[in-house]
Amino acid sequence: MIEENYDAIVIGSGMSGGWAAKELCDNGLKTLVLERGRDVKHLKDYPTAYKNPWDFPHRNTIPESVQKENPIVSRCYAFKEATEHFFVKDTEHPYVQEKPFDWIRGYQVGGKSLLWARQVQRWSKYDFEGPGRDGFAVDWPIRYDDLAPWYSHVEEFIGISGNYDGLETLPDGEFLPPWEMNAIEKHIRRSIKENYSDRYPVIGRCAHLTEPKEIHLAQGRGKCQARNMCDRGCPFGGYYSSTSSTLPWAEKSGFMTLRTDAVVHSIMYDDAKEKVTGVRVIDRLTKETTDYFARVIFLNAACLNSNLVLLNSKSERFPNGLGNDSNTLGKYIAFHNYRGSMTAKYDGYQDSYYFGRRPTAVMLPNFRNVFKQDMPFKRGYMVHYSAARENWGRDVAGDQFGADYKEKISRPGTWSIHMMMQGETIPKEENHVRLSPDQVDEWGIPQLVTSVGYDENDELVLQDFLEQGSEMLEKAGCRDIVTKDSGQAPGLDIHEMGGARMGKDPKSSVLNKWSQMHDCPNVFVADGACMTSTGTQNPSLTFMALTARAANHAIEEMEKGNL
Amino acid sequence: MLLPGVLLTGCDPGPYKYELFNWGDTELLNEIADVILPDTPEVPGAKAANVGDFIQLYVTDCYKPKQKTAFLKGYDDFKLTTTSIYNGDFTSLSSEKKNEIIDSLEKESKEFKINLQPEEVDHFYTLLKGTILFGYFTSEIGATKALRYLPTPGEQHGDIPYNGERAWAL
């Protein structure tokens, strides 16, 4: 058995792991980053980045045989010929679904930060106050003001575009110039503002460099080219991924060691020393075991895998999983309700079109139960909508074949609108993950059992969105409004959160206000697993801000000699 | 040294590259596709983009089993009907007759759609036409000539005047 010593170990190289690595290395800590998958180098390992549609054998469609073998990942909107090399195939990493759960994963350096939808909204004070005020989960141990400077810290570095809208429900950040709405999106926005005093749609905020600043150029990143082929990896570094941004930055410091193909078996607790001493790793390829030692551990393996690692980290002191005195580990898993969507058409604005492909949509911040509980359901939802002119797939006036037809469908058609919900779900004890007692993976690690489902509240929220969404589009003069409940399983939102929640009381939570284990202070968990509730915002920005905050707290505590 | 077998198979074209199709299908499918998307003054049509070849690949690899069955059955029927009614295969017919056949398929598939249940498979012609359109507009000719292809726009404008230009390919 080999041993290696570090100041800090970061488990996971994705969205938030990259941030832990950057903050720790920026402060001169000798940091080991563990990634279970293969290496992916910025620019070099984006094999499809410049491909044209006709360069893909099936024009970017995943063949039926691959879909049949991998039904779970095939349901993900981003799983295409252009991106399949960044996704975990179902067959490679099985898990046990006690209830249907589409677990979407990316096992490589960069993790899912290569693939994410890149939408970044701050939580509002109402989101942090929600559980305490409305009596669910546990009260967040922090408030908006605690996180606001860390939102700024992350936003300035990754670069996010947005408009200064001045909304209490969706606080402004450190914005680069915003993307533009098209004619019908502006029309719908005007109509919503006129008809509803509580609703204020804004242009989406996303982690794209619309106008790079010195700090972005210093990362070797450039302006977003409005290609919207982001999930292939961006050859311009136009959006934030840990691969293009935080990891190379940390590497440049000289303090980072990146170890790929490192499947984490467990975090090692020393019963005699009464603290965690390191991480046990099994090599993905050779299956050889290595123990790595460090003063502090950052667990950023992505929500469910962070739960798995903790549950599998057993010792005499923690027989039910590391830091699990509260017996809440693996429980109170929540996600975002994405089931509702709708389409509509609008006659008019035929004299307007657009240029370039915008990597965001219009966002309508949550307007339900914001200031007080006044709906028959808990919490609410954010609405995203966007519009485009119909393409060649439509029927036209006259013949549906021939020269005229071909010329007509080669031009833009009627405006078509798509609207979707992003609903908060309520963390509950029964929505949980646990270790399988008898099924293990290729490395002898117990498989994860997922037992996460919808509840009555989710149905009510869905119905409210379908009604309100239709009404808003109808009032804007849209026609042919068609609503849809996709019935999709939890997980496909790829916004799973919780399981090692933050809280004030060690008896009912795993982590304290610094995303630090109550019962095991040299371990920090600041990816999705730490979330006490889900809000209605896309969550990655909050994971990154919490991680940066946790890392800086750890550094201070180490300097004081407390860790 | 040449092995005897190599010499013997010299004239045999060997198995066709798509198991579900045969020699001549590329030509026939290109002919059908070209009735739907013909050459126009500035823009080559579906045959020029060799959509016929793509259809066979796409049906083989990307259709769901039920779609595949429906397509192959419909395609066989199409060949038989054309031969029996028009006394010749589709490729050799006059453009009037080709138009007549496609027109009747348009009508037939439209009627078929009226009572179609969500779990049921589309009419053969609907599947075929969908694949022709997809194959053509994602081909180099379709994307760059019928449409405007701009892989790296560099910037974005939400609301610009429209004066009849071709649609964006992406």
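The radius of gyration used on this tour is taken over C-alpha atoms, and the rule for a globule is 2.2 Å times the number of residues to the power 0.38. Keep that in mind while you look around, and remember throughout that this is a predicted model.

**Stop 1: chain A as a whole**

Select chain A and colour it by secondary structure, so that its 12 helices and 23 strands can be told apart. Turned along its principal axes, chain A has C-alpha atoms that fill a box of roughly 80 × 55 × 50 Å. A compact globule with 563 residues would have a radius of gyration near 24 Å, and chain A, with 23 Å, therefore agrees with that expectation.

**Stop 2: the two domains of chain A**

Next, colour chain A by its domain assignment, which gives domain 1 as 2-119 + 229-335 + 429-453 + 492-559 and domain 2 as 125-228 + 336-428 + 454-485. The centres of domain 1 and domain 2 of chain A, taken over C-alpha atoms, are separated by 27 Å. Where the domains meet, 46 residues of domain 1 of chain A are in contact with 47 residues of domain 2 of chain A. On the domain 1 side of this contact, the elements of chain A that give two or more residues are helix H8 (246-252), strand E11 (331-334) and H12. Of these, H12(A) gives the most to the side that touches domain 2 of chain A, with 5 residues. If you colour that side of domain 1 by residue class, you will find 18 nonpolar, 19 polar and 9 charged residues.

**Stop 3: a crossing of two helices**

Stay with H12 of chain A, residues 540-559, and add helix H5 of chain A, residues 144-158; their axes come within 8 Å and cross at roughly 105°. Angles of 65 to 115 degrees count as roughly perpendicular, and H5(A) and H12(A) are therefore roughly perpendicular to each other. Show the side chains at the crossing: H5(A) contributes A:Leu147, A:Trp150, A:Tyr151, A:His153 and A:Val154, while H12(A) contributes A:Leu541, A:Met544, A:Ala545, A:Ala548 and A:Arg549. Sorted by class, the contact of H5(A) with H12(A) holds 8 nonpolar, 1 polar and 1 charged residues.

**Stop 4: an open sheet in chain A**

Now select strands E3, E19 and E18 of chain A, which form an open sheet of 3 strands in the order E3-E19-E18, with mixed pairing. Strand E3 (96-97) and strand E18 (432-440) of chain A are the edge strands, each of which pairs on one side only. Between E18(A) and strand E19 (residues 446-451) of chain A, which run antiparallel, there are 5 bridges. To find one place along this pairing, pick A:Val433, whose bridge partner in E19(A) is A:Thr450. Then add helix H9 (residues 303-311) of chain A, which packs on the sheet and touches E18 and E19 of chain A, and whose direction makes about 60° with that of E18(A).

**Stop 5: chain B**

Hide chain A for a moment and select chain B, which has 7 helices and 1 strand; read along the sequence, these elements follow the pattern α-α-α-α-α-α-α-β. The C-alpha atoms of chain B fill a box of roughly 65 × 50 × 35 Å, taken along the principal axes. A compact globule of 170 residues would have a radius of gyration near 15 Å, but the value for chain B is 20 Å.

**Stop 6: where the chains meet**

Bring chain A back and select the interface, in which 37 residues of chain B are in contact with 38 residues of chain A. Several elements of chain B supply at least two residues each to this side, including helix H2 (25-36), helix H5 (95-114) and strand E1 (157-161). The largest share, 5 residues, comes from E1(B). By class, the side of chain B that touches chain A divides into 21 nonpolar, 9 polar and 7 charged residues.

Finish by zooming in on E1(B): which strand of chain A is joined to E1(B) by bridges? Strand E14 (residues 352-355) of chain A is joined to E1(B) by 3 bridges, and the two strands run antiparallel. For a last selection, pick A:Tyr353 together with B:Ile160, the bridge partner of A:Tyr353 in E1(B).

Note on methods:
Residues are numbered from 1 along each chain as its sequence is written. Chains are lettered from A and ligands numbered from 1 in the order in which they are written. This is a predicted model: local features need pLDDT of at least 70, side-chain atom pairs count only at pLDDT 80 or more; totals for chains, interfaces and linings use all residues. Two residues are in contact if their C-beta atoms, placed from the backbone, lie within 7 Å. Helices (H or I, at least four residues) and strands (E, at least two) are DSSP runs, numbered from the N terminus. Ala, Val, Leu, Ile, Met, Phe, Trp, Tyr, Cys and Pro count as nonpolar, Asp, Glu, Lys and Arg as charged, and the others, Gly among them, as polar. Two strands pair if DSSP finds at least two bridges between them. Axes are lines fitted to C-alpha atoms, for helices over the stretch in contact, and angles run from 0 to 180 degrees between N-to-C directions. Angles under 35 degrees count as roughly parallel, over 145 as roughly antiparallel, 65 to 115 as roughly perpendicular and the rest as oblique. Domain bounds come from an automatic or database domain assignment.
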